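Reader: I am new to this structure. Please take me closely through its salt bridges.

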Amino acid sequence: MSVALYYYTLTVLLASILASAVCLSVYLVNRQKPYLFTTFAFLVYFFDVALVLRTDVVGRKSGKLAVYEINGPVESALLGSCLVLFFWCACREYLGLDRRKRALWAIPLSFLGVSYASFNFLGVGKWREFAFFSVRSLFILALLIAILIHFLRTDDLGERRRLLRHRGFYLAVLGATVATTAWNVVFILGLDYSNSRPGDLSFLPERNFAENALLLCIASFVCVSAYKTLRMRYVDPPAGVTNQREAFVFQSIASYSNVNGLSRREEEVLRLVLDGKDNRAIADELFISVSTVKVHVHNILHKTSMGNRKQLTQAFWSKI
């Protein structure tokens, strides 16, 4: 292994453990389960990269590697199944989907089943290696499809806005996933290693740098999201908020109120206005008079330069 490749691998390892630590920190502060599952996902990926590093270093020195040999297939399949399971759990928590245990266990079992079939029924060679290492891309693509289906099915304007907010990230993950598969096509199926030995190659065909880029993309997004969450927690702690959509709305209202100079009470009224409640319902929930609610609504409309509640609601969802 070259010095540059060695330091690159160490960078990926450090990025994985850093993302895991950041996610754990946010979970301990906010108790938002998507961060707990991404903590485990990046920890698993740390060991997955370490497995590749082990085979690159130890295997080459022993001279026991073949170019198309799948090194550590059992460990690789187990780590891969855990990786997709934790990302799937994080996705389900983020979307607020049904949490039936049987559906969750079907994911790692399906992954292991496809990996087992790829390893045992395709014979030794490039096609077996390609199929075995392309399973992860297939499951990441399934995650993106699940998010798209959830977006198309929901009629909740706030939920749609929450998902659209990260459309750039989804497209980046999709592009990196396609690049991961393309990498396997080029470096496993496309190039001829028939007369090569592992010691002659700068890296083994199973080594996928596009997959590293995919995970680094997810790690960057998670770290930025974690920073924003902790910053809003410092400014306005959302006590008791566990639902992802509710947490998103609370954080967005806090930011919107800060920009428009709303008071704390006006911020509470704004939240209920966005929920579609009338003056009487707002008064009953906040234990204030209807006339006081009218004054707060008037002040909110004045500070935000809106003419009515409908304009206020549309402006809020368009600006966050």
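Author: What follows is a close look at the salt bridges. This is a predicted model, where local features need pLDDT of at least 70, side-chain atom pairs count only at pLDDT 80 or more, and totals for chains, interfaces and linings use all residues. Residues are numbered from 1 along each chain as its sequence is written, and side-chain values use heavy atoms, with hydrogens and water left out.

A salt bridge here is a side-chain nitrogen of Lys or Arg within 4 Å of a carboxyl oxygen of Asp or Glu. The count comes to 6 salt bridges. One of them pairs E211 with R136, their closest N and O atoms 3.5 Å apart. E211 sits in helix α8 (residues 209-235) and R136 in helix α5 (residues 126-153), so the pair ties together parts 75 residues apart in sequence. Helices are DSSP runs (H or I, at least four residues), numbered from the N terminus. Both E211 and R136 are buried. Buried means under 20% relative accessible area, exposed over 50%, and partly exposed in between (1.4 Å probe, protein chains only). A network of salt bridges links D48, R136 and E211.

Now take K277 and E285. Their closest N and O atoms are 2.5 Å apart in a salt bridge. K277 is partly exposed, at 29% relative accessibility. E285 is partly exposed too, at 35%.

R280 bridges to D284, with 3.8 Å between the closest N and O atoms. Both lie in helix α11 (residues 279-286), 4 residues apart, about one turn of the helix. R280 counts as exposed because its relative accessibility is 51%. D284 is partly exposed, at 46%.

Methods. Helices (H or I, at least four residues) and strands (E, at least two) are DSSP runs, numbered from the N terminus.
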